[in-house]
Amino acid sequence: RLTEAAGAAAGAVGADRARELALRAEGLTADPAARTRLARIRAAVEFERGDPRQAARILVAQVADDRGAAAMLRMGASYAWLSGDAEAIRAAAERSAAAGYRDPLIQGMAHLADDDFARGVPLMREVLEGAPGGGRRTDVSEEPGALVEAIHAGLILGDDDAAIRLATAEVARCRERGLAGELAGALQRLAQAQVAAGLFRDAEANVAEAITIARDTGRRQRVGRLEIVLAWVAAVQGDEERCRALTDDALGVGGRSAPGAEAAAAACARGLLDLGLGRYDDAFDRLEEARRGPGGFTTAVTVANADHVEAAVRAGRPERAEPALRRFEEWARAGGLPWARAVALRSRALLHDDEAAYAEALRLHDKGGRPFQRARTELLYGEWLRRARRRSDARAPLRSALEVFERLRADAWAERARTELRATGESATAARPAAADLLERLTPQELQVVRLAAEGNSSRDIAAQLFLSPRTVEYHLYKAYPKLGVSSRRELARLELTR
C-alpha cells in the first residue's frame, strides 16, 4: 500500500511526499518486484528534485527483477542522457546487452554519446516509429512509458512534427487521468518541440501552465528546466535581460549546480543570444565550452553546432569551425530531415563560400520545418549575393527572411535583414501578421482558455483540463474578450487563434 501511495504521490501531489513513502516501503519488503517498482519511484523523485544523475544511477545499479529490468534500464539511460552522464548510459547499454535485451533506445543513446550518429540515429528512429500512436500501435493509454520514450527520441532526432503530435497525446492522457505532476513534464516536452517549430506563443502558454503545476506539486527543480525552454525564445528574440535571468541558475551564477544537459542547453541558448547580438567571440567561447562540458553530446549542443560554425567564421576563426561542421553534417546525414540537411549545407556554404550549397539548402528548406533556421539561411545567402554585387537577386531571400524574423519577434536578426535590404537599394518594411498581433494581446493562460472555448468546451470542461476552477476560467474569458474585440464564445470560433 505504501508503494502504491508513493507511486500516486509521484504522479500527482509531489516529489517530497513520494520520497518519504518510498523510503518507508523499502524497509518493509525484500520482494524483488516490489523493490524494482520502488527504485523506479525513487528515481523519478530524484529526477524531479533536480538530480537526474542520481536518478539514473539508482536505476542502472539496482536492476534486480527480470520482468522490470528492461524498463528500468531504459528509464535510467534516459535520465543519464538528461544529466549528461555518458558513463551511466554506457553502463545501461552494457547491462542491457549482457542480459540479452535488444533495446534500441538504450543502444541508440549509447552510440550518440560516443558521437556515432550513423548507428545511433537509426535506432532512435526505430523508437519513434514504434511509438504508441506513432506507427505500429495506436492506444497511447496502454504504454505511457513507451510514449514518453518516443517523444524523447523525436526531440533527439529533431523531428518536430512527430514530437508535437506525440507530446500532445501525452498531455491529453495526463489531463484525462488527472495526473497533475506528470502533466508538467508532458507540457515541457511539448513546449520544447513547439519552440523548435517556431510556435513560440503556444510554447509560452504551455510553459506557464507547467510552471504553475510544478510549483503547486513541489517540483521546484522542474521550474528551472521549464525556464530554459523559455530562454531559447528569449535568445531568438534578442531579449538579453530575460535570457540571462532564465539561464543564470543553470549556469551556476546563483550557486546552483545544474545537471550537465541542463547547463549545456542554457549555455547554447546564451550562445545563440550572443550570436544574434553580434558578439561573435563570446558566442564562440560559450558554445565551445558547452561542447566540451559533461552535456556536450546532448541534443542542444548537437543542434548548436551550426551556431558554433557561424560564430567561428564571424569571429575570424574559420579553422575552429571544422569539428562542429563535421559533427553537425554527420548528425544531419544520419537523420535525413530536410531542415537539418539544409542547415548543414548552409554551414558548409558559409565556411567555404559555396553558392551551390546555399541554393541546395533553400531547396531543402522548401520541404518545411524550423522557420527560424530557414530565415537564417536566407539571410546568409542574401548577404552573400549582395556582397557579390547581385543586389536584385539578394532581395527575394532577404525579404523572406525579414518576414519570418518579424513574425518570430527576432528583432536583432530582423535588423540585420533590413540593413542588407537597404544595401540592395530597397526600403525594408515588413508588417507583422495580424494573427500574430492577435495572439500577442493575450496572456499565456488566456490563450489556452480562449482556444479551448473556441473549440466548444464548457467552462467546467476547460477547468478540468487546466486544473482551474470554472470561476477562474470565466475570469480569463472576461479579460480576453475585449482584447480580441469579441463579446461571446460564438465569436471566438471565427478568429484565427493558431499560428
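Let's start inside the protein, with the second largest cavity: sorted by class, its lining has four nonpolar residues, one polar and three charged. Keep in mind that this is a predicted model. The residues around this cavity are Ala306, Val309, Glu310, Arg346, Ser347, Leu350, Arg376 and Leu380. Three elements each give two or more residues to that lining: helix 17 (299-314), helix 19 (338-352) and helix 21 (371-387). The volume of the second largest cavity is about 30 Å³.

How do you find empty space like this? Rolling a probe the size of a water molecule over the atoms shows where empty space is left. Across the whole structure, a search turns up two cavities of 30 Å³ or more. The largest cavity holds about 40 Å³ of space. Its lining is made up of Trp81, Leu112, Phe117, Ile156, Phe297, Thr299, Thr302 and Trp331. By class, that lining of the largest cavity comes out as six nonpolar, two polar and no charged residues. So much for the cavities.

Now for an open space, the second largest pocket, with a volume of about 590 Å³. Here 22 residues form the lining, and Thr168, Leu190, Asn206, Arg451 and Glu455 are the ones nearest the centre of the pocket. Look for helix 10 (160-177), helix 11 (180-196), helix 12 (200-216), helix 25 (444-454) and helix 26 (459-466), since these are the elements that give two or more residues to this lining. The lining of the second largest pocket splits into 12 nonpolar, six polar and four charged residues.

Finally, follow the chain to helix 27, which covers residues 470-484. This helix has 15 residues and spans 21 Å from its first C-alpha to its last, close to the 21 Å expected at 1.5 Å a residue. Which residues of helix 27 are buried? They are Val473, His476, Leu477, Ala480, Tyr481 and Leu484. If you look down the axis of helix 27, these buried residues fall within an arc of 140°, so they line one face of the helix. A bit of background helps with this picture: an α-helix has 3.6 residues a turn, so residues three or four places apart point the same way. Swing round to the other side of helix 27 and you'll meet Arg471, Tyr478 and Pro482, which are exposed. Just after helix 27 comes Gly485, which takes a positive phi of about 75°.

Terms used: Residues numbered from 1 in each chain as written. Predicted model: local features only at pLDDT ≥ 70, side-chain atom pairs only at ≥ 80, totals over all residues. Heavy atoms only, no water. 1 Å grid on protein atoms, 1.4 Å probe; cavity = no way out; pocket = protein on both sides within 12 Å on 5 of 7 lines; lining within 4 Å. Points joined across faces, edges and corners; volume = space filled by probe spheres on them. Helix = DSSP H or I, 4+ residues; strand = E, 2+ residues; numbered from the N terminus. Nonpolar A, V, L, I, M, F, W, Y, C, P; charged D, E, K, R; others polar. Expected span 1.5 Å × (residues − 1). Buried < 20%, exposed > 50% of the residue type's maximum accessible area, 1.4 Å probe, protein only. Arc of directions from axis to C-beta.
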